[in-house]
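Work through the exercises below with the structure open. Try each task before you read its solution.

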Amino acid sequence: MKKNKINKILKVMEKLRDPKKGCAWDKKQTLNTIIPYSIEEVYEVAEQVYTKNYIKLKEELGDLLFQVIYMSQIASEKNKFNFYDVVDEITNKMMKRHPHVFKNKKFKNIKEFKNWWEKSKNKNNKSLLDGIPITYPAMLQANKIQKKVASVGFEYLNNEQAINKVIEESIELKKELKNNNKSKIKKELGDLIFASLDVSRKLKFNPEEILKKGNRKFINRWKKLEKIIKKENKDLNKLNSNQLNKYWNLAKIN
């Protein structure tokens, strides 16, 4: 029954791509043109995970799965591989990457397993950092870099050292701001952001999740500020910085 459901969605995809009877839009798509939609679907899945909307999550996971089916169909038309090849590939990879579950390999702890996992992924790379896609969003790329170098011991001894690095980069940024050297300001600002993200990694927090919560906190507080200003019959656009800061502090209290 389950296999029949999979075959049904594969047939739907084939029909959409049929050169004669298929959908005009779907027929002309390529792997390159589909990628933006696939990325969009990942973000929509993430949104439902963060909001814990399981009804919408089921729908968005279906949309994401359809993107995998879509690209597999295009590859199949090029005689490269099909959806079942993709399933076989990931099945074999996961079994190989978990020898403590599917074979008799033993690991002392999670850390040892993680080190083995990284080595198994990077065995064909010349550099430890070779496997990180350049297409990753900058925050995710930074987090991957930091995790990989930490895995071989390039790591802060404690949380305080990680925070001190942020303070150090802040001081360097202040220096370049005084010098008004735009090139060095951008460089130091990048270093400061990188160091701040590393604090999140050191504290075992997901930086993407942390920033999203920070964004939501700011949005909620700003909306409170707007309500206070509206209640006092003031025009938001006519307030100066000091006045806005006063209302911001009121919003923080309320």
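At 69% relative accessibility, Asn79 counts as exposed. The model is a predicted one.

**Exercise 1. Asn79 and Lys204**

Task: Where is Asn79 found, and what is unusual about its phi? Do the same for Lys204.

Solution.
- Step 1. Place Asn79. This residue is in the loop between α4 and α5, the latter spanning 83–97.
- Step 2. Read its phi. The value is about 60°, which is positive, although Asn79 is not a glycine.
- Step 3. Justify the burial class. The cut-off for exposed is over 50% relative accessible area. Asn79 has 69%, so it counts as exposed.
- Step 4. Turn to Lys204. The loop between α10 (182–202) and α11 (207–231) holds this residue.
- Step 5. Read the phi of Lys204. It is near 65°, again positive in a residue other than glycine.
- Step 6. Classify Lys204. Its relative accessibility is 74%, so Lys204 counts as exposed.

**Exercise 2. The packing of α3 and α4**

Task: Are α3 and α4 roughly parallel or roughly antiparallel? Which residues meet?

Solution.
- Step 1. Identify the helices. α3 covers residues 31–51 and α4 covers residues 54–77.
- Step 2. Take the geometry. The helices pack at about 160°, and their axes are 9 Å apart.
- Step 3. Apply the cut-off. Angles over 145 degrees count as roughly antiparallel. α3 and α4 are therefore roughly antiparallel to each other.
- Step 4. Add the handedness. α3 and α4 make a left-handed crossing.
- Step 5. List the α3 side of the contact. It includes Leu31, Ile34, Ile35, Tyr37, Ser38 and Glu41, along with Val42, Glu44, Val45, Gln48 and Val49.
- Step 6. List the α4 side. It includes Lys56, Leu57, Glu60, Leu61 and Asp63, along with Leu64, Gln67, Tyr70, Met71 and Ile74.
- Step 7. Sort by class. The contact of α3 with α4 has 13 nonpolar, three polar and five charged residues.

**Exercise 3. C-alpha distances from α3**

Task: How far apart in space are the C-alpha atoms of Ile35 and Met71, and those of Ile39 and Leu64?

Solution.
- Step 1. Start with Ile35, which lies in helix α3. Its relative accessible area is 37%, so Ile35 is partly exposed.
- Step 2. Pair Ile35 with Met71. They are 36 residues apart along the chain, and 8.7 Å separates their C-alpha atoms.
- Step 3. Move to Ile39, also found in helix α3. At 45% relative accessibility, Ile39 counts as partly exposed.
- Step 4. Pair Ile39 with Leu64. The sequence gap is 25 residues, and the C-alpha separation is 8.9 Å.

**Exercise 4. Two serines**

Task: Are Ser72 and Ser200 buried or exposed? Which residues beyond four places in sequence are in contact with each?

Solution.
- Step 1. Place Ser72. It is found in helix α4.
- Step 2. Classify Ser72. Buried means under 20% relative accessible area. Ser72 has 3%, so it is buried.
- Step 3. Check the side chain of Ser72. It reaches the backbone oxygen of Val68 at 2.8 Å.
- Step 4. Leave aside neighbours within four places in sequence. Ser72 is then in contact with Phe81, Asn82, Phe83 and Val86.
- Step 5. Place Ser200. It is found in helix α10. With 10% relative accessibility, Ser200 counts as buried.
- Step 6. Use the filter of four places again. Ser200 is in contact with Phe205, Asn206, Pro207 and Ile210.

**Exercise 5. The crossing of α8 and α10**

Task: At roughly what angle do the axes of α8 and α10 cross, and which residues meet?

Solution.
- Step 1. Take the axes. Helix α8 (residues 138–151) and α10 have axes that come within 10 Å and cross at roughly 60°.
- Step 2. Name the arrangement. That angle makes α8 oblique to α10.
- Step 3. Add the handedness. The crossing of α8 past α10 is right-handed.
- Step 4. List the contact. From α8 come Met139, Ala142, Asn143, Ile145, Gln146, Lys147 and Ala150; they meet Phe194, Leu197, Asp198 and Arg201 in α10.
- Step 5. Sort by class. The contact of α8 with α10 divides into six nonpolar, two polar and three charged residues.

Key:
Residues numbered from 1 in each chain as written. Predicted model: local features only at pLDDT ≥ 70, side-chain atom pairs only at ≥ 80, totals over all residues. Heavy atoms only, no water. Axes fitted to C-alpha atoms, helices over the stretch in contact; angles between N-to-C directions. Helix = DSSP H or I, 4+ residues; strand = E, 2+ residues; numbered from the N terminus. Parallel < 35°, antiparallel > 145°, perpendicular 65-115°, else oblique. Left-handed = near helix turned anticlockwise from the far one by under 90°. Contact = heavy atoms within 4.5 Å. Nonpolar A, V, L, I, M, F, W, Y, C, P; charged D, E, K, R; others polar. Buried < 20%, exposed > 50% of the residue type's maximum accessible area, 1.4 Å probe, protein only. Polar contact = N/O pair within 3.5 Å; in protein donor to acceptor, adjacent residues only side chain to side chain.
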